[in-house]
Amino acid sequence: MPGPRREPYGGTTAMNGRGKSDGPVVPRNLANKGRGAPRPAERGEGRGPANGNLIRDARYRTQSRTYLKAATDRIRQVAAKDKEMRFTTLWHHVYSIDRLREAYFGLTRKSAAGVDGVTWHGYGEDLEANLQDLSARLKRGAYRARPVRRVFIPKPDGRQRPIGVPTLEDKVVQRAACEVMGAIYEAEFLGFSYGFRPGRSQHNALDAVSVGIQRRKVGWVLDADIRGFFDAIDHDWMVKFIEHRIADKRVVRHVKKWLHAGVLENGAWAPVERGSPQGGSVSPMLANVYLHYVFDLWVDQWRRKQANGDVIIVRYADDIVMGFQHRAEAERFREMLIERFRKFGLELNTDKTRLLEFGRFAAGNRAQRDQGKPETFDFLGFRHICARSRTGKFKLLRQTIPSRQRARLKAVYAELRRRTHQSIPDTGRWLRSVVTGYYRYHGVPDNWAALRAFRNDVVRLWRLRLRRRSHKGRLNWERMGRVAATWVPKPQLFHPWPDQRLRV
């Protein structure tokens, strides 16, 4: 008898349509098949480069990337072709020295060190020997995940966000595993999921929200936030979801290792019963897999089979925005969503989750009821506002969230204080990179006022620090204007209108 259909998870492990729990077996050494194929995944490594040669020959690395891409492309094609396939031989793709090397070079050079104190540059001093040793330990099962070092960073609302800092080797292995697992799950994830996926960005999610609200019959918006999502992931459910497509026990075993590695805070180790620490290379992938089965498949089925009016869905990690045509349907769905999340150990953040009247008809309907202007909602750093164009048509206005802008200015001023005695060119080059980076994210149409305000405040804060260096205070605004024109770029837009980008 064939197993149950592959529906959103309800408590049992799904089986494939052939009635076998393991599914069809992928040929061993998939990357080695075929005439003229690149080097085998398990090939022996030759002599490494001399100590200190951090980056190998460019031609060698180019060939390595071609081979790795071909291997992941074949996995992706099989995953897309057979949605019931459970992959049984994946681990040799992870411990391939070529993939570990590419994972190492893909890490941030200046990232903080883990509990062992090893930095990116320190590990690279004898890179080939370290990678060969790591690959051998992964192959024979001697690799052990280390605890993550927990640190806290301030959030814009004044609270602290816990961040886990894995060791560098854990980062390398996690990144390599994510590349292999991503080849499978990219064929599985749905179109309205945008967070931590290749070829998708925060601005793609923002464009989808904007175009969906302007083109569909949206009258109500549910702005949902999951309370402490990364700390609330249930490990048992996480493993079941991974096993839905991956039957390689070595991959599953290492996912368990990363989940149960524990945290080190103030020199004391503590076990982790739930959650996946933010900061690890594998956390975004696990988060997407978890919400894919808990939310995405379920809500997509609900929209197709139960919704009566128009419904739009956009999810970026644990931030969810949904648009509804009818208020009653939105309220009913919110109650269903609470029950759905509770089943998998998740909870909606009631302080940040809101159902508000929003869209093309919101202003007119609220005016008839004497309720004032429509409310606004925040998503991915932008405040979304119901507005009108010059011709009187509805327009979705996106502006930088004021609290986010103030927090950024506060950080800029703190760094300017540290750089008080540096030369103007040195500080100017740093400010140019900071301001340009701010424009690259916030430079969207109709956000000119916020960009101008940010630049003016940066110039004002810089002048304040420069005047503090001299007791005479001769830096007037005319001279400061010339300095700012040299080093602080003027506002510019880096993003087109949402409908133009989605049309492409």
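## T400 and its surroundings

Two residues are said here to be in contact, or to touch, when heavy atoms of theirs lie within 4.5 Å. In this predicted model, T400 touches G381, F382, Q405, Y438, H442, N447 and A450, if residues up to four places away in sequence are not counted. T400 itself belongs to strand β11, which covers residues 394–400.

T400 has a relative accessible area of 6%, and because anything under 20% counts as buried, T400 is classed as buried. The C-alpha atom of T400 is separated by 9.0 Å from that of H384, a residue 16 places away along the chain.

## The chain as a whole

The chain contains 18 helices and eleven strands, and of its 504 residues 49% count as buried. Among the contacts in the chain with a separation of 6 or more, 73% are accounted for by residues that are 24 or more positions apart.

## Helices α14 and α15

Two of the residues that T400 touches, Q405 and Y438, also take part in the contact between a pair of helices. Helix α14 (residues 402–418) packs against helix α15 (residues 424–442) at an angle of about 165°, with the two axes 12 Å apart. Since an angle over 145 degrees counts as roughly antiparallel, α14 is described as roughly antiparallel to α15, and the crossing of α14 and α15 is right-handed.

On the α14 side the contact is made by Q405, R408, V412, E415 and L416, and on the α15 side by T427, W430, L431, V434 and Y438. By character, the residues of this contact of α14 with α15 divide into six nonpolar, two polar and two charged.

## Helices α3 and α5

A second helix pair is formed by α3 (residues 97–105) and α5 (residues 127–140), whose axes come within 10 Å and cross at roughly 120°. The two helices α3 and α5 are therefore oblique to each other, and their crossing is right-handed.

In this pair, I97, L100, R101, Y104 and F105 of α3 meet L127, E128, L131, Q132, L134, S135 and L138 of α5. The residues of the contact of α3 with α5 comprise eight nonpolar, two polar and two charged.

## The β6–β7 hairpin

Strand β6 (residues 311–316) is mostly covered, as six of its six residues are buried. V311, I313 and R315 point one way from β6, whereas I312, V314 and Y316 point the other way, and all of them are buried.

Six bridges join β6 to strand β7 (residues 319–324), and the two strands run antiparallel; within this pairing, V314 stands opposite V321 in β7. Together β6 and β7 form a hairpin with two residues between them, and in the turn A317 has a positive phi of about 60°.

## The four-stranded sheet

Four strands make up an open sheet with mixed pairing, in the order β2-β1-β4-β5. The edges are taken by β2 (160–165) and β5 (268–270), each of which has a single partner strand, so one side of each is left without a neighbour in the sheet. On average, and with direction ignored, neighbouring strands of this sheet are turned by 40° against each other.

The partner of β5 is strand β4 (residues 263–265), which is joined to β5 by three bridges and runs antiparallel to β5. In that pairing, V263 stands opposite A270 in β5.

Technical notes:
Residues are numbered from 1 along each chain as its sequence is written. This is a predicted model: local features need pLDDT of at least 70, side-chain atom pairs count only at pLDDT 80 or more; totals for chains, interfaces and linings use all residues. Side-chain values use heavy atoms; hydrogens and water are left out. Buried means under 20% relative accessible area, exposed over 50%, partly exposed in between (1.4 Å probe, protein chains only). Two strands pair if DSSP finds at least two bridges between them. Axes are lines fitted to C-alpha atoms, for helices over the stretch in contact, and angles run from 0 to 180 degrees between N-to-C directions. Angles under 35 degrees count as roughly parallel, over 145 as roughly antiparallel, 65 to 115 as roughly perpendicular and the rest as oblique. A crossing is left-handed if the near helix is turned anticlockwise from the far one by less than a right angle, and right-handed if clockwise. Ala, Val, Leu, Ile, Met, Phe, Trp, Tyr, Cys and Pro count as nonpolar, Asp, Glu, Lys and Arg as charged, and the others, Gly among them, as polar.
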